[in-house]
Amino acid sequence: MQKRNYNLHNGELAEGCRLCMEGAKLVLFISGVCNRTCYYCPLSEKRKGVDNSWANERPVSSIEDIFLEAEQMKALGAGITGGDPDLRMDKTLRYIRALKEAYDDFHIHMYTSNALDANTLRKLRESGLDEMRYHILSPAAWKSLRLSKKLGIPSGIEIPAVPEEEETLLGIIDKAMAAKADFVNLNELEFSDTNSTELLKRGFEVKDDGFAASGSYETALAVLEKRNMNIHFCTSRYKDAVQLKRRLLRIAKNTAKEYEEITEDGLLLKGVVMPTGQLGLRILRKKIIKRYSVPPELIQVDAAKNRLETTREIASFLSDELHGETKCYLIEEYPTYDRLETEVIPL
């Protein structure tokens, strides 16, 4: 058994997992539509059951949105997810083909909780799909896994490590070995806003150090100690401290403006200037550039958030010079499309 980036694994990692560890996988969310009712589903209210697509945090209205997100993070592949992508197969196939045509050596894996027939799997293979991950919920899914293997698509299983269900997991892994699955991925069970009620109802508890369910790690560890195939246990801590961080760093390095500093966690640090009166942003910017000889490239209008953005040093200087005319802040935010702010400090 090996330990890597807080994760545990036996044997070889699936190619999709390897690229994910580099932060190089674009998360392509096809649709929130799903025909399952898994009590542990962590999808947010914003996406659950909603028939829209996202590339990472970017809403997708056309293939160009996906390309833009892929280019901003220099993606080396994509994970097709949902909901269930096969319930919107036309869109799924179209996006896979477009990405494979646009980028060389671009690895695409897909998740499904349904049994797919040979015709559907053949279309996925022909579109360029590189890897299939089954969330096993029915006997028919095993047949689907064998079919995808027969068609030349590397295939495995991905399921949560539910605490105290060691024997169930071992039984699934034994079936996976018999079906010659390429890998089994176990995910640490996590609490979210949408599944916490159901998890608590079933007696699960949150670990003290995050959102993971107590006992999930121990159950997965016991399974890895008893079975020797390609098994990968993906922890909650890894997803936050490694996977997300590396993806953010990739995006930040490709998108940061001259006045933005990249933190070690991949966030963007900058200064913000907001007028307190009726003075428009563009007029205020011109005034600052002229009066204080600020380089134009170091102060820009952010119309979407009704503010000027600049370096933190310039914002600190202006907080004293333009006291009463402006309000200045130090801002830390994600480099993603939604630009989520994690810290706002008045200057």
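# Briefing: a predicted single-chain model

The chain exposes an accessible surface of about 16,800 Å², and carbon and sulfur atoms account for 48% of that. Keep in mind that this is a predicted model. There are 347 residues in the chain, and 51% of them are buried. The secondary structure comes to eleven helices and 17 strands.

**Overall layout**

- Along its principal axes, the C-alpha atoms of the chain fit a box of roughly 75 × 45 × 35 Å.
- Take the contacts between residues at least 6 apart in sequence: 66% of these join residues at least 24 apart.

**The nonpolar cores**

- The largest nonpolar core has 55 residues, and the ones touching the most other members are I66, L99, L124, M132, I157 and L186.
- The top contributor to this core is helix α3 (residues 89-102), which puts in six residues.
- There is also a second, separate core, made of 14 residues, with L281, L284, I288 and L322 among them.
- Back in the largest core, L186 is one of the residues with the most fellow members around it. Setting aside neighbours within four places in sequence, L186 is in contact with I159, A161, L169, A220, V223, L224, I231, H232, F233 and C234.

**Helix α5 (residues 139-150)**

- With twelve residues at 1.5 Å a residue, α5 should span 16 Å, and its end C-alpha atoms sit 18 Å apart, which agrees.
- A141, W142, S144, L145 and S148 are the buried residues of α5. These cover an arc of only 160° around the axis, so they end up on the same side of α5.
- Turn to the face pointing away from that buried side and you find the exposed residues P139, K143 and K150.
- The cover over the buried residues of α5 includes α4 (118-127), β8 (131-134), β9 (155-161) and α6 (166-178).
- After α5 comes G152, with a positive phi near 90°.

**Helix α6 (residues 166-178)**

- α6 runs for 13 residues, and the distance from its first C-alpha to its last is 18 Å, close to the 18 Å expected at 1.5 Å a residue.
- Its buried residues are E166, L169, L170, I172, I173 and A176. Looking down the axis of α6, they fall within an arc of 160°, so they line one face of the helix.
- E167 and A178 are exposed on the other side of α6.
- Among the elements covering the buried residues of α6 are α5, β9, β10 (183-188), α8 (216-226) and β11 (231-234). So the covering goes both ways for this pair of helices, because α6 is likewise among the elements that cover the buried residues of α5.
- K180 comes just after α6 and takes a positive phi of about 60°.

**Strand β15 and its partners**

- β15 (residues 307-310) is covered on both faces: R307 and E309 on one side, and L308 and T310 on the other, are all buried.
- Strand β13 (residues 268-275) runs antiparallel to β15, and three bridges join the two. In this pairing, G271 has T310 of β15 as its bridge partner.
- Strand β14 (residues 299-302) also pairs with β15 in the antiparallel sense, over four bridges. Here Q300 is bridged to E309 of β15.
- β14 and β15 make a hairpin with four residues between them, and N306 in the turn has a positive phi of about 55°.

**Two positive-phi residues in loops**

- N56 is not a glycine, yet it has a positive phi of about 55°. It lies in the loop between β4 (53-55) and β5 (58-60). With a relative accessible area of 3%, under the 20% cut-off, N56 is buried.
- S293, another residue that is not a glycine, has a positive phi of about 55° as well. The loop that holds S293 is between α10 (281-292) and β14. S293 counts as exposed because its relative accessibility is 61%, and exposed means over 50%.

How values were computed
Residues are numbered from 1 along each chain as its sequence is written. This is a predicted model: local features need pLDDT of at least 70, side-chain atom pairs count only at pLDDT 80 or more; totals for chains, interfaces and linings use all residues. Side-chain values use heavy atoms; hydrogens and water are left out. Buried means under 20% relative accessible area, exposed over 50%, partly exposed in between (1.4 Å probe, protein chains only). Two strands pair if DSSP finds at least two bridges between them. The expected span of a helix is 1.5 Å times one less than its number of residues. The arc is that of the directions from the helix axis to the C-beta atoms. Contact means heavy atoms within 4.5 Å. Accessible areas come from the Shrake-Rupley method with a 1.4 Å probe; for residues, only the protein chains shown count as cover. A nonpolar core is a set of buried Ala, Val, Leu, Ile, Met, Phe, Trp, Tyr and Cys residues joined through side-chain atoms within 4.5 Å.
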